[in-house]
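Colleague: I should be grateful for a close look at a single part of this protein, set in the context of the parts around it. Please describe what encloses it and then work outwards.

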Amino acid sequence: MEITVDFGDQEPLPETASRTPQDPDEFLAQNSFRIVYQFNNFFLPQIRDMIEQKDAINLRPEYQRRLRWTNPQKSKLIESLLLNIPVPPVFFYEADAARYEVMDGQQRLNAIREFFAGDFALRGLTVLTPLNGLRYTTCPPRIKRTLDRATISAIVLLMESESERPHEGMFSITDVRRLVFDRLNTGGRRLNAQEIRNALHPGPLNRCILELSRLERFTEVFGIPPYTEADEAEYYENPARRKNNLYATMRDCELVLRVFALRDPDNIRGSMRSMLDRAMAKSLSSEEVEMFADDFQMHFAFLCDLFGDDPFTIKFREHGKERISAALYDAAMVALSRVWDHREDVRADRVGVAERLRTAVADDENYELIVGRRNTAEAVRGRIDLLQTILLPG
């Protein structure tokens, strides 16, 4: 059964403070950049081969977002290709020479790959209705030939060489990628905040977050189907997991990131979104990442044992239902890290901890903190301090 997690009120980014007016010409001269792009057309079998061989297209589902398209959505794309209806181009970013990352179009490319592999049957077609139920392997020769001759357009984005770019005041490559992501996703299903963070900040921390979100105990607590596949590439194909809302929207990864972001007192400023953005952009050594991973696993296991069944779950007053509070979870994880040296005292006072938590939830002001209704910096600090007192009073 899927578990509902309440993330509280993630407030929008605060308005930026007013700045000294700058001369437009001077600003453009110092900050302009030029994105170079080229057009390519690929036959569908080429796309399939490039993805399968993994030598040209990086289609890792965690690069952008996790796969969300339904069977009818994928089927309509195949129908459009058979009817020669123009399909929006996909966008690639040339990370290395002849090595492309998918910036937009992952769902389309994956649908093509899956259909050629025979992974799904056409369903929900409204024009070519007799084709409903067909897989590529069972398609008549004419349909196969039509698909083999169909093409999809690709726009490959490149940055100018470092020597050709102005340096002072120049946008970073990450800034440019963020801008392009935002513009590409102004229509259709927009990337959510965590999907954008995940796409823009690959590296040791991002990989660590993904791995922690797959821990057996973590998936059990948050109601995510367990990772039992032998091959990591199969993680993304699990049908039950793809239907899980936390997994599909990458909010499972956001839950891990919240702990990392709030462990640093200096990072608790601005909105919750800005705290998470700054944390994800940090450059960490492999040793620092490993230390966080070890701490996370120990602290999570400790709290699960401390709170017993259904940890981080409280009854919400608005609807009277029991749900996991993401705010209670992140505050407890950070508070525990502060009193970790006294963990045996906390463990010995399990009954007292439970009673203090019940008392806090019954209090109107503390309830608002624990459910995260006000995710301001002040409220975040307040709930962490509250949980620290609950765990270890005095």
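Modeller: The buried residues of helix 13 are covered by parts that include helix 7 (193-200), helix 8 (204-212), helix 12 (251-262) and helix 19. The model discussed here is a predicted one. Helix 13 spans residues 272-280, and 7 of its 9 residues are buried, so it is largely enclosed by the rest of the structure. The buried residues of helix 13 are Met 272, Ser 274, Met 275, Leu 276, Asp 277, Ala 279 and Met 280.

Helix 19, which is among the elements covering helix 13, also receives the buried residues of helix 17. Helix 17 comprises 13 residues, 350-362, and its first and last C-alpha atoms are 19 Å apart, close to the 18 Å expected at 1.5 Å a residue. Its buried residues are Gly 352, Val 353, Leu 357, Ala 360 and Val 361. These residues cover an arc of only 170° around the axis, which places them on the same side of helix 17. On the other side of helix 17, Val 351, Arg 358 and Ala 362 are exposed. Besides helix 19 (377-391), the buried residues of helix 17 pack against helix 14, strand 7 (313-315), helix 15 (326-338), helix 16 (343-348) and helix 18 (364-370).

Helix 14 leads to the aromatic residues. A search of the whole structure yields 17 aromatic pairs. In one of them, the ring centres of Phe 218 and Phe 300 are 5.6 Å apart and the planes meet at 45°, so this pair is tilted. Phe 218 belongs to helix 9 (residues 216-221) and Phe 300 to helix 14 (residues 286-307), so the pair ties together parts 82 residues apart in sequence. Phe 218 is buried, with a relative accessible area of 0%, and Phe 300 is buried as well, at 3%. For the rings of Phe 307 and Phe 312, the centres are 6.0 Å apart and the planes stand at 75°, so that pair is edge-to-face. Both Phe 307 and Phe 312 are buried. Ring pairs join these four residues with Phe 222, Phe 260, Phe 292, Phe 296 and Tyr 329 in a cluster.

Two further rings have a charged group over them. Arg 241 lies over the face of Tyr 227, at 3.9 Å from the ring centre. The charged end of Lys 144 sits over the ring of Tyr 136, 5.3 Å from its centre.

Tyr 136 is also one of the residues that Phe 116 touches. Phe 116 lies in helix 4 (residues 106-116) and counts as buried at 8% relative accessibility. Leaving aside residues up to four places away in sequence, Phe 116 also touches Leu 44, Pro 45, Arg 48, Leu 147 and Asp 148. Leu 44 is 72 residues from Phe 116 along the chain, and their C-alpha atoms are separated by 8.9 Å.

For the protein as a whole, there are 19 helices and 8 strands. Of its 394 residues, 49% count as buried. Among contacts with a separation of 6 or more, 72% are between residues 24 or more positions apart. The accessible surface comes to about 19,900 Å², of which 50% belongs to carbon and sulfur atoms.

Terms used: Residues are numbered from 1 along each chain as its sequence is written. This is a predicted model: local features need pLDDT of at least 70, side-chain atom pairs count only at pLDDT 80 or more; totals for chains, interfaces and linings use all residues. Side-chain values use heavy atoms; hydrogens and water are left out. Rings of Phe, Tyr and Trp (its six-membered ring) pair if their centres lie within 6.5 Å; planes under 30 degrees apart count as stacked, over 60 as edge-to-face and the rest as tilted. Helices (H or I, at least four residues) and strands (E, at least two) are DSSP runs, numbered from the N terminus. Buried means under 20% relative accessible area, exposed over 50%, partly exposed in between (1.4 Å probe, protein chains only). A charge sits over a ring if NZ of Lys or CZ of Arg is within 6 Å of the ring centre and within 35 degrees of the ring normal. Contact means heavy atoms within 4.5 Å. Accessible areas come from the Shrake-Rupley method with a 1.4 Å probe; for residues, only the protein chains shown count as cover. The expected span of a helix is 1.5 Å times one less than its number of residues. The arc is that of the directions from the helix axis to the C-beta atoms.
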